[in-house]
Amino acid sequence: MTELQRSALALFLGFLVLSMAPLSTARFVVEKNSLRVTSPDKIKGTYDSAIGNFGIPQYGGSMSGAVIYPKENQKGCKEFSDFGLSYKSNPGALPTFLLLDRGDCFFALKVWNAQKAGASAVLVADDIEEALITMDTPEEDISTAKYIENITIPSALIEKSFGQTLKKSISSGDMVNVNLDWRESVPHPDDRVEYELWTNSNDECGVKCDMLMEFTKDFRGAAQILEKGGYTQFTPHYITWYCPQAFTLSKQCKSQCINHGRYCAPDPEQDFSTGYEGKDVVLENLRQLCVFKVANESRKPWIWWDYVTDFQIRCPMKGKKYNKECADTVIKSLGLDIKKIEKCMGDPAADSENPVLKEEQDAQVGKGTRGDVTILPTLVVNNRQYRGKLEKGAVLKAICSGFEETTEPAVCLSTDVETNECLDNNGGCWQNKAANLTACKDTFRGRVCECPLVDGVQFKGDGYTACEASGPGRCKVNNGGCWHEARGGHAFSACTDDGGVKCKCPPGFKGDGVNSCEDIDECKDRKACQCAECSCKNTWGSYDCSCSGNLLYIRDHDTCISKTSGGSKSSAWAAVWVILIGLAMASGGAYLVYKYRLRSYMDSEIRAIMAQYMPLDSQAEVPNHVNDERA
C-alpha cells in the first residue's frame, strides 16, 4: 500500500467522510419551523426558516418578538458589548429577535454573541440565493466547546430575499414583529410517540460524546417512565461505515472493521498505533443493539437505558475497561441472558453480512419525511429529525410535542416542561367555581377549552361560555347545573334525570330552573284547597289543606269526606242489608213466576187430554149425522 493510499484511508476513517449511501442518492432534509410576520401589513405573511442544530428550539410552542437589525457588528462575529450594544428587552416589551448576516464566522458563534447581548432569538439571513440549509455546530475544539454547550436561545436561517425584505422594512422605520412557531415542527397524530436515537458507544470523541453520555444519564428516568407507561416506542440506532473494497485486506481496515470490512467505526483516539480500535467500538455498538433486542423480546425495552448508562460509568475507555468482560458484568447485573445476546451478535470474523448491522445501515438512509442520518448524534421524533441541543428538557419538549392534544402523559405537563395556562384566569374557559369544574385542559401546546367528563357524565357546550351536563346520571354532578335547595328537611331540585339537558322547576315552584325557583302560593292563587269545607295554608313547595268538622281532605280530588268511624259502619251495614233484601225479593219473584208458568202449562196439557174423551164446557156439541130414516 502506498503512502498516498494510507493517507486516504486514514482520512476516511478518521473524519467519517464516507457514508453508507452514495452521494448521488443521499438526501438531507432540512427541518423547518414557521415564521410569520405579523406587522407591518405590507410584508405580513408566513415564511420558511431552517431550525438551527444548537440552542433550544421551543418545540410545541411559539415565540413572538420584535426584529432588530444592528447598525454595527451585523454579522455578529464579535461581542456586541464591544460596540456598546445591548438587546435586553425592557419590562413589558416584546422579546428581541436579532437579525444577523451570514458569513465570516460560525453560525453558533453568532448566536452565542447575540445571546450574551440579551437577544431572545436569532435570525440569520443567507448571503446567497439557495435552498435553506441546517445551521450545524462546528467541529469541536476547546474554544467552541465552551460556548456551544451554553447556547439556550433558538435560531433559524432565512432566505436572502426575505432577509433583505426585513432589512428594508426596518430601515424605513417600521416596527417588524414576527412569530416563530414550532408547534407543527413535529407531527402529532395520536397518543403515542415513536422516537429513535442515533448514538455511539465511543466515549472519547470529544464534546459531542460527552454531551451524548450526559444526555443518556439525565434522560433515562423520563424515557423509562414514558416507555413503561406505553406512551412512547423508543428504538436506538448506531451508525456504521464500510471500508472501500481496495482496502479491506489492509491492516487499518482490519483494525477498524468487522465482517471483512463491512462494518467500521473510526479510531477513537484518531491514532492507529495506540489505544482502542474502531472495531472495538463496532462490537460494543452491536452489543448494545442486541441488549435492546433481547430486552425488547422480554417486553422490557427500557432496560437498554440502564445498560448504556451503567456501561458508561463502569466501563470507560479512560479506565481501560471498555471490553467484553466489563460489558458481561453489566449484563449479568441487569438479569439479561448473555447467551441470547452473544447469539444475536453473531460472528464478527465471518465473511458475511451481519443481519443486525445490515439493518442499521439500511435504516440510515432516509425514508418518507425523514432525511439521511448524517449528523451524530441524531434524534428522530415521529419520523422528523430533531434540531437543537441534546438536553433533557429540550428533548422532552420535542417528544411531548408529538402527542395529540389532551393525550400527553403527566411528565409532559410538569412545570419543568411547560406552563399551565389554565392557572391564569382559567385559560378563558368555562368554569363552575362552586362545583370545582372547568372546561380548561392543559396540554403541551397550550390550553384547550373542552367541556369535561365527570363521573361518567359528559358536559356539552362550546367550552368557553357554557357547559351543561347531559345524559343519564347528570343530576349526580353538581345537580346537572340546575337550581336546588333544601329547607327544614325537605329538598327540591330542578334537574330531571331523563337524559335531557333542560332544567325545570319542580311542582310547587316557578322560575327558570337554573338560577332560581320560587315557591308558588297555591292558596293565594286559588290553585288548590278550594272546596267549601276546605281551609288552606301555604308551605314551601306545597300547601296544607284541612277540612272543617269531622271531614277528611282528599288531595287528588280536592274534596272533603266524612272521617267518622260510626257513621261509616252504619252506612256500610245499611248498604249490606239493602243488597240482601233486594236479592231475597228478586229470588221470591222469580220463584212465583216459575210456579205460575208451570201450573199454566200443566193445566193446558190436562185439558187437551180430556177433550179427546168428553166435550168440555167450552166446546160446542157435535151434531149426530146418522139419519133416523135409515133406522
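What kind of crossing does H7 make as it passes H8? H7 passes H8 in a right-handed crossing, a term used if the near helix is turned clockwise from the far one by less than a right angle, whereas an anticlockwise turn counts as left-handed. The views below come from a predicted model, in which local features need pLDDT of at least 70 and side-chain atom pairs count only at pLDDT 80 or more, while totals for chains, interfaces and linings use all residues. Residues are numbered from 1 along each chain as its sequence is written, and side-chain values use heavy atoms, with hydrogens and water left out.

**View 1. The chain has 13 helices and 28 strands.** Helices (H or I, at least four residues) and strands (E, at least two) are DSSP runs, numbered from the N terminus. Of the 631 residues in the chain, 43% are buried; buried means under 20% relative accessible area, exposed means over 50%, and partly exposed lies in between (1.4 Å probe, protein chains only). Contacts are defined by heavy atoms within 4.5 Å. Among contacts between residues at least 6 apart in sequence, 63% join residues at least 24 apart.

**View 2. Helix H7 (residues 278-297) packs with helix H8 (residues 303-314).** The two axes are 8 Å apart, at an angle of about 150°. Axes are lines fitted to C-alpha atoms, for helices over the stretch in contact, and angles run from 0 to 180 degrees between N-to-C directions. H7 and H8 are therefore roughly antiparallel to each other; angles over 145 degrees count as roughly antiparallel, under 35 as roughly parallel, 65 to 115 as roughly perpendicular and the rest as oblique. On the H7 side, the contact is made by Glu284, Arg287, Gln288, Val291, Phe292 and Ala295, and on the H8 side by Ile303, Trp304, Tyr307, Val308 and Phe311. These residues divide into 8 nonpolar, 1 polar and 2 charged. Ala, Val, Leu, Ile, Met, Phe, Trp, Tyr, Cys and Pro count as nonpolar, Asp, Glu, Lys and Arg as charged, and the others, Gly among them, as polar.

**View 3. H7 also crosses H11, at roughly 95°.** The axes of H7 and H11 come within 10 Å. That makes H7 roughly perpendicular to H11. Val282, Leu286, Leu289, Cys290 and Lys293 of H7 meet Val356, Leu357, Glu359 and Glu360 of H11. The residues of this contact divide into 6 nonpolar, no polar and 3 charged.

**View 4. Lys367 lies in the loop between helix H11 (355-364) and strand E12 (378-381).** Lys367 counts as exposed, at 56% relative accessibility. From Lys367 to Asn383 the separation is 16 residues in sequence and 8.6 Å in space, C-alpha to C-alpha.

**View 5. A disulfide joins Cys422 and Cys440.** A disulfide is a covalent bond between the sulfur atoms of two cysteines. Here the term is applied to cysteine sulfur atoms within 2.5 Å, and a search of the whole structure finds 16 such pairs. The sulfur atoms of Cys422 and Cys440 are 2.0 Å apart. The torsion about their S-S bond is about -85°, so the disulfide is left-handed. The pair links distant parts of the chain, 18 residues apart: Cys422 in the loop between helix H12 (392-400) and strand E14 (431-432), and Cys440 in strand E16 (residues 440-443). Cys422 is buried at 14% relative accessible area, and Cys440 is buried at 9%.

**View 6. Cys482 and Cys503 form a disulfide, with sulfur atoms 1.9 Å apart.** The S-S torsion of this pair is about -75°, so the disulfide is left-handed. Cys482 is in the loop between strand E20 (468-470) and strand E21 (484-487), and Cys503, 21 residues apart from Cys482, is in the loop between strand E22 (490-493) and strand E23 (509-510). Cys482 is buried, with a relative accessible area of 6%, as is Cys503, with 18%.

**View 7. Cys529 is joined to Cys545 by a disulfide (S to S 1.8 Å).** The link of Cys529 and Cys545 is right-handed, with 75° about the S-S bond. Cys529 lies in the loop between strand E24 (518-519) and strand E25 (534-539) and Cys545 in strand E26 (residues 542-547), so the pair ties together parts 16 residues apart in sequence. Cys529 counts as buried at 5% relative accessibility, and Cys545 is buried with a relative accessible area of 15%.

**View 8. Helix H2 (residues 107-116) is mostly covered.** Of the 10 residues of H2, 8 are buried: Phe107, Ala108, Lys110, Val111, Trp112, Asn113, Ala114 and Gln115. Gly118, which follows H2, has a positive phi, near 105°.
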